[in-house]
Amino acid sequence: VLTFEQKMTSLVGTHHMEWLTGDLRGSVTGDRVAFHAAHRYEGQELHYQFQGKVNGDHIEGEVNLGEYGRAKWSAQRHKYV
């Protein structure tokens, strides 16, 4: 789960995983987003470098998982009822 807050071109937020949670930081330029999250796990740091393209309330992109390769990711803006 990704939670973002945008201030001008800066992104801050939280990257929640099944067992780990960490801060994320990044930027927005036009319809492009890029952000980084890192998590400490058993004395190591796991790094995630996200890049994506915004289309309305949806973002799609790729995440670099370091030694674990790359994966596609997508996000949908949460709508409060």
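Start by selecting strand 1 in this predicted model: with 5 residues, strand 1 gives the most to the lining of the largest pocket. Now show the whole pocket, with its volume of about 590 Å³. Strand 4, strand 6 and strand 7 join strand 1 as the elements that each put two or more residues into that lining. In total 21 residues line the pocket, and to find the centre you can select Phe-4, Ile-59, Gln-76, Arg-77 and His-78, which lie nearest to it. Color the lining by residue type and you get 10 nonpolar, 7 polar and 4 charged.

Keep Arg-77 selected and add Asp-57. Their side chains meet in a salt bridge, 3.0 Å from N to O. Asp-57 sits in the loop between strand 5 (44–55) and strand 6 (58–64), while Arg-77 belongs to the segment after strand 7 (70–76), so the pair ties together parts that are 20 residues apart in sequence. Is each partner buried or exposed? Asp-57 counts as partly exposed because its relative accessibility is 32%. Arg-77 has a relative accessible area of 53%, so it is exposed.

There are more salt bridges to visit: the whole structure has 6. Select Arg-70 and Glu-62 for one of them, where the closest N and O atoms are 3.1 Å apart. Arg-70 is exposed at 55% relative accessibility, and Glu-62 is partly exposed at 37%. Now pick Asp-31, Arg-32 and Lys-53, which are joined into one network by salt bridges that share partners. Within that group, the side chains of Arg-32 and Asp-31 meet at 3.9 Å, N to O. Arg-32 is partly exposed, with a relative accessible area of 48%, and Asp-31 is also in the partly exposed class, at 34%.

Next, go back to strand 1 (residues 2–7) and show strand 2 beside it: the two pair in the antiparallel sense over 6 bridges. Click on Leu-2 and look across to its bridge partner in strand 2, His-15. These two strands make a hairpin with 2 residues between them, and in the turn you'll find Met-8 with a positive phi of about 60°.

Stay on strand 2 (residues 10–16) and look at its two faces. Side chains in a regular strand alternate between the two faces of the sheet. Here Leu-11, Gly-13 and His-15 make up the covered face, and Ser-10, Val-12, Thr-14 and His-16 the uncovered one. Then bring in strand 3 (residues 21–29), which runs antiparallel to strand 2 and is joined to it by 7 bridges. Val-12 stands opposite Arg-25 of strand 3. This hairpin has 4 residues between its strands.

Now jump to Ala-37 in strand 4 (residues 32–41). Its relative accessible area is 1%, so Ala-37 is buried. What does Ala-37 touch, leaving aside its neighbours within four places in sequence? Select His-15, Asp-23, Leu-24, Leu-46, His-47 and Tyr-48 to show those contacts. For Leu-24, 13 residues away along the chain, the C-alpha atom is separated from that of Ala-37 by 4.5 Å.

Keep Leu-46, His-47 and Tyr-48 on screen for the last stop, since they are among the residues that line the second largest pocket. Add Tyr-41, Gln-44, Glu-45, Leu-65, Gly-66, Glu-67 and Tyr-68 to complete the lining. About 210 Å³ of space lies in this pocket. Strand 5 gives the most to its lining, with 5 residues. By type, the lining divides into 5 nonpolar, 3 polar and 2 charged.

Notes. Residues numbered from 1 in each chain as written. Predicted model: local features only at pLDDT ≥ 70, side-chain atom pairs only at ≥ 80, totals over all residues. Heavy atoms only, no water. Buried < 20%, exposed > 50% of the residue type's maximum accessible area, 1.4 Å probe, protein only. Pairing = 2+ DSSP bridges. Contact = heavy atoms within 4.5 Å. Salt bridge = Lys/Arg side-chain N within 4 Å of Asp/Glu carboxyl O. 1 Å grid on protein atoms, 1.4 Å probe; cavity = no way out; pocket = protein on both sides within 12 Å on 5 of 7 lines; lining within 4 Å. Points joined across faces, edges and corners; volume = space filled by probe spheres on them. Nonpolar A, V, L, I, M, F, W, Y, C, P; charged D, E, K, R; others polar.
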